[in-house]
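Hi,

Here is the structure I said I would pass on. Have a look at it first, and then read on for what turned up when I went through it.

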Amino acid sequence: MAQLSTIGQEKSWRDRILSGLRSVSPIYVVLILLLIGIGTQNPVFLEPSGILNLLRRAAPLMILTAGQLFVIVSGGFDLSVGSIMSLTVIGASLLINNDPTNAWWVILVLFGIGIVAGLINGALVSYLKVPSLIATLGMLLALRGAGLYWTGGAPRGYLTDNFRAFGRGWLEPVPWVERFPYAVIVLIVVSAILIYLFHYTNLGRQLLAVGDNPRAAKLAGIQVEKMRIVAFAVSAVTAVIAGILQGGFGGVNPDAGDGYELQAISAAVLGGAVLLGGRGSVPAAIAGALALEALFTLLNLLGLPKPLRDAVQGLIIIGAVAYAAFSGRRSR
Amino acid sequence: MANAQLPILEARNITKRFPGVVALNDVSIQFMPGEVHAVVGENGAGKSTLMKLLAGAYTPDEGELFFQGSSISFNHPREAQEVGISIIYQEFNLLPERTVAQNIFLGREPSRYGVVDQRQLMRQTQAVLQRVGAETMISPDAEVKTLSIAQQQLVEIAKALSFDSKVLIMDEPTAALATHEVEILTRLIHKLIANGMAVIFISHRFTEVFDLAKMITVLKDGQHVATVAADAATPSQVITMMVGRELDQYFPELARADEIGAVALEVVNGSNAKLHDISLKLRAGEIVGVSGLQGSGRTELAQAIFGVEPFTSGRILVKGTERPIKTPKAAINLRMGFVTEDRKAEGIFPNQPLNDNILAPVRALQALLRRIKRFGTAEKPQLVLELVQQVDVRTPSIQQEVQYLSGGNQQKVVLAKWLASTCDILIFDEPTRGIDVDAKASIHEMIRDLAQAGTAVLMISSELPEVIGMSDRIVVMWDGRISGELPAGAGEEAIMHLATGHQESHRTAVPEPRGEGTLEL
């Protein structure tokens, strides 16, 4: 490759199309195949309302995955997001205390709690040099314990309708599809913001640099510690948003977010993120999350029992990482 | 008595090649029992390769080794050790979490009924520690990580003795020791040779070489220059043998006096854990070369100035104003750049495209949420394209990930990175290491072009021809200090004198004013 000397050399159309196709993340192909699979089982799912339903159900995971990507790209993991989601649901039910007028300040408080948890994660990793796996695992357990203590062990209270609207409400009337879920609006807005931050601002490039080579990043003047903290804060904020949506969708449940952290990591990897950092794309990660959700739907349609979901998820993580390692080696 | 004996270890016509370089070329040396034999030479002279060959870590491509008169060859260092040749590297081969006894008898623990006989292990360890005179200093059941460097070295020597070694090879044994520890080691080495052991060591410290060694072998560029008796040679003569090479490379012209401008950077009495009392001036338009042997503090100097491992005392003035530089970001903000020695570890982002590599420092100074320009900045949207042309990176596209570029092109990307941030003080650490000859020449020219454009350049290099060919002024480091400054065109010999902490024709005289430094280490 190095012997090619001219920059911006004109390539033939065929080459361009081929290299263009090659640079498309395989996750989009996987996603389309899964959707076709769902369509063959039950065409109703591919009607606009079916797609919107799938998106609505997938929205918490998609948002969470986009946030997780910020951490993965900078070279870490965030295992605490599932318990931040759970705590958001628990906290909302207890703080709103059946009074809909409380919902707005409660949401602000929930974001505050999430950001603090994210900042603590980041500070542990950046300044105390605790590996992120351990730091966020600790945070997971701490928040889960705190949540259970807060509720006294059983779900209490309920979520007011105005709070739940984010997760299960619909905007109507909307032309063509008749009604449009609020969750999908939230998904679009949050995704747009995160895509902008990651792909069009300094922030994203610096996160990639930190994950790719932290030493070189430091020597290039990047504040590595600060960047890592920002990444965990972003991840925690997406966890709160995902928690709010999940609460609206599923109601009060002290383990609303359990297992989501691993799903988000798997989805990001499916979307081509490299687990040790330095490589990743927000749209592809979001597509990865949607693909995972589509896969669960398909398995469901095929009549496979629920425990198989977990097994399949495990196989997917292994398969995706092995594929990434294999294709990385081959291209070198 | 030693002279009458046969050599215990002999290298005969040894040649060792590595891809692209002949590390040792037809080298023959005899090592006598009961003698200390020092091997000296510049960086890259082939000393380490020789040591590793003798210790069985490498096998020669040509030539033979003789041990007590018979030809031997080793497939593994373990085989050399069993024969009686032990090597102690600068980085010790000890398991920090294990005890002294476990380390010394690793894999050879005395056993009874199939389990380790602890009592026997302790007894044997105690005995071997006694032989190095450390039985009161080091407990057999102390964990190695709790020991000082000097104590760990004694454990290594004890381990060698436990193999009944007849030859002990040491790589820079005193580099990390304090004065009294060097004395202990010296006494021990005298005791070992009195018992008939041959001790071979590499050292950059001439005081010790002449204090300890009976014979001195000089290597240069993989060639055996000479083996002389220490009492028949002076340090100056040895240095002359170490250097003296034709300047056969092409270097760009040095700066004319009118091209050199105001002081851009000044360090006054800078010190930290590794550097002592550094004072240095760097002017616009000037290339100051920094020479020094390995471990002299060359890289540490660059890291201190650039805020990676900042000075803990002293002052840095940038264009006449005192500035605290505690982070690389602060240095970059003051328009400094640092082209690091280890490209892969410190210079590039391998998975990122060329343009993001080049723009990293520029972006680091900008607001986090600022919208990026893909190939440049708001002021210069085509910046990357221009720089890639300027430094002549051979790449199919500026979107190419730099991991796929050759070493020379990666180095140009690193350089472009600092050009993008419009540095006017640039530090180069080994700018041409591991780069082929053509790319070398073009990097030399780029460095000179930068200086001509008014950049103040500090260039660290372990290659004397590069330092001499490029520098308008040469600063020589030794032992974490600046041991002297030489004008452009200074000879290799003059540099080596300063770099070995030894000043011209004072064989035994204590050099002033750094006499204490000499004795200290």
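Strands β19(B) and β20(B) pair in the parallel sense, and five bridges hold this pairing. One place to find the register is B:L426, which stands opposite B:V457 in β20(B). Please keep in mind throughout that this is a predicted model.

β20(B) has a second partner: strand β15 of chain B, residues 287-292, runs parallel to β20(B) and is joined to it by four bridges. Here B:I287 stands opposite B:V457, and B:G289 stands opposite B:M459. So which residue of β20(B) has B:L426 opposite it as well as B:I287? That is B:V457, with B:L426 from the one pairing and B:I287 from the other.

How much of β20(B) is buried? Five of the five residues in this strand, 456-460, are buried, so β20(B) is largely enclosed by the rest of the structure. In a regular strand, side chains alternate between the two faces of the sheet. In β20(B), B:A456, B:L458 and B:I460 are on one side, B:V457 and B:M459 are on the other, and both faces are covered.

The neighbouring pairing partner gives a similar list to check on screen. β15(B) is mostly covered, with six of its six residues buried. On one side are B:I287, B:G289 and B:S291, on the other B:V288, B:V290 and B:G292, and both of these faces are covered. β15(B) also pairs with strand β21 of chain B (residues 473-478), in the parallel sense and over five bridges. In that pairing B:V288 stands opposite B:R473.

Over in chain A, a helix is worth a look too. Nine of the 11 residues of α12(A), residues 260-270, are buried, so this helix is largely enclosed by the rest of the structure. The buried set is A:Y260, A:E261, A:Q263, A:A264, A:I265, A:S266, A:A267, A:A268 and A:V269. After the helix comes A:G272, which has a positive phi near 95 degrees.

Now for the place where the two chains meet. On the chain B side 43 residues are in contact with 36 residues of chain A. Chain B and chain A bury about 3300 Å² between them, and 54% of that is on carbon and sulfur atoms. Within chain B, the residues that lose the most area to chain A are B:F349, B:L368 and B:Y404, which together make up 20% of what that side buries.

The polar side of this interface can be counted as well. There are 17 residue pairs in polar contact between chain B and chain A, counting pairs with both residues at pLDDT 80 or more. Three salt bridges are found across the interface. One of the salt bridges across the two chains joins A:R215 and B:E346, whose closest N and O atoms are 2.6 Å apart. On the side of chain B that touches chain A, two or more residues each come from α10 (328-333), α11 (343-347), α12 (354-364), α13 (383-391) and α14 of chain B. The largest share, five residues, comes from α12(B). By class, that side of chain B has 22 nonpolar, 12 polar and nine charged residues.

Finally, a few backbone details that you may want to check. Most residues other than glycine have a negative phi, and most peptide bonds are trans. Against that background, the bond joining A:E172 and A:P173 is a cis peptide bond, with omega about -10 degrees. A:P173 is in strand β1 of chain A, residues 170-174.

Two residues of chain B have a positive phi without being glycine. For B:D26, phi is near 55 degrees. B:D26 lies in strand β2 of chain B, residues 21-31, and is partly exposed, with a relative accessible area of 44%. For B:T422, phi is near 40 degrees. This residue is in the loop of chain B between α14 (407-420) and β19 (425-429). B:T422 is partly exposed too, with a relative accessible area of 40%.

Happy to talk any of this through once you have had it open for a while.

Best wishes

Methods
Residues numbered from 1 in each chain as written. Chains lettered and ligands numbered in written order. Predicted model: local features only at pLDDT ≥ 70, side-chain atom pairs only at ≥ 80, totals over all residues. Heavy atoms only, no water. Buried < 20%, exposed > 50% of the residue type's maximum accessible area, 1.4 Å probe, protein only. Contact = heavy atoms within 4.5 Å. Buried area = accessible area lost by both parts, 1.4 Å probe. Salt bridge = Lys/Arg side-chain N within 4 Å of Asp/Glu carboxyl O. Polar contact = N/O pair within 3.5 Å; in protein donor to acceptor, adjacent residues only side chain to side chain. Nonpolar A, V, L, I, M, F, W, Y, C, P; charged D, E, K, R; others polar. Pairing = 2+ DSSP bridges.
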